[in-house]
Amino acid sequence: VRDLYDTVLASGLQRVGFVAHMAVDLLDRNLYERADDCRWWAMTPELRTILAQPEPQDGARETITPLLRYIHSLYTVYTRLFVYDRGGRIVAQSHDGGDDGLVGRRVDEATLQAVLALQDEQRYHVSPFQVEPWTDGRPTYTYHAAIRHPEDGHVVGGIGIVFHAERELLAMLRGAVGQRPDARAYLTDRSE
C-alpha cells in the first residue's frame, strides 16, 4: 500500500511540476512579446517624423491618437499605449475613455532617463510591477522604447505600453491549469 501511495504521490507531484513549468513558460513568452511590441511600434514612421519636429506641429496629437487607438484595438493585452516627447511630456494616448488627464503629464524622471539612454532599437525599459498614473490604479508592467529621429537616430521621445496584468496573468494561469475544476494556481513574487 505504501508503494502504491508513493507512486500516486510522485505522479501527482510530476503533474504539478509540469503545470508550474507551463505557467512560467507562458509568462516568460508573453512578457517577452510585450518587449517586442514596444520596440516595434517605436519605429513607426509617423511617430518618428512628428516627434522629430523642434515644435509639435498643429494636428500632431490628432495624428498620433488615432494611430495609437488603431494599434490598441488590435492588441487587447494592453490597458493603453501612450507617446511622450524628449522631455517626457505625454502628447497622446490610446485610452478610449478620453485622456484621463494623462496628456500633458510627464513620465517620471527615472523612466525618462532610462529611455533616453537606450543605445539602439533593440533595447527597451520596463517598469517594476507597480501602480503608475497610467495604470488605472492597478499594479502592472509598463514597457517603454525610444522613438528615434528618422534621419540621425537620436532619441526624440518614447512610447509606453501598459500591460493589462490582472486579466492577462489570470488567463495565463487558467491556460496552464486547463479544465481541472479542483486545481488552483498562483503567480507570486519572492516576497510572498
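This report walks through the sheet and the nonpolar cores of a predicted model.

Let's begin with the sheet. Strands of a sheet pair through backbone hydrogen bonds, in either a parallel or an antiparallel way. Here, five strands make up an open sheet, ordered S2-S1-S5-S4-S3, with antiparallel pairing. S2 and S3 (125–126) are the edge strands, as each of them pairs on one side only.

Two of the strand pairs can be set side by side:

| Strand pair | Bridges | Direction | Citation |
|---|---|---|---|
| S1 and S2 | three bridges | antiparallel | |
| S3 and S4 | two bridges | antiparallel | |

You can find single residues in these pairs too. Phe82 has Gln93 in S2 as its bridge partner, while Val126 stands opposite Tyr143 in S4. Helix H2 packs on the sheet and touches S1, S2, S4 and S5. The direction of H2 makes about 130 degrees with that of S5.

Now look at the hairpin of S1 and S2. Four residues lie between its strands, and Gly88 takes a positive phi near 90 degrees.

Next come the cores. Which residues of the largest nonpolar core touch the most other members? They are Ile64, Val83, Ile147, Ile159 and Ile161, out of 28 residues in that core. Among the elements that give two or more residues to this core are helix H1 (2–41), helix H3 (60–74), strand S4 (142–148) and helix H5 (165–177). A second, separate core has 12 residues, including Leu102, Val107, Val115 and Trp134.

Ile64 is a nice residue to explore. Apart from its neighbours within four places in sequence, Ile64 is in contact with Leu47, Ile50, Val83, Val91 and Ala92.

How values were computed: Residues numbered from 1 in each chain as written. Predicted model: local features only at pLDDT ≥ 70, side-chain atom pairs only at ≥ 80, totals over all residues. Heavy atoms only, no water. Core = buried A, V, L, I, M, F, W, Y, C linked by side-chain atoms within 4.5 Å. Buried < 20%, exposed > 50% of the residue type's maximum accessible area, 1.4 Å probe, protein only. Contact = heavy atoms within 4.5 Å. Pairing = 2+ DSSP bridges. Axes fitted to C-alpha atoms, helices over the stretch in contact; angles between N-to-C directions.
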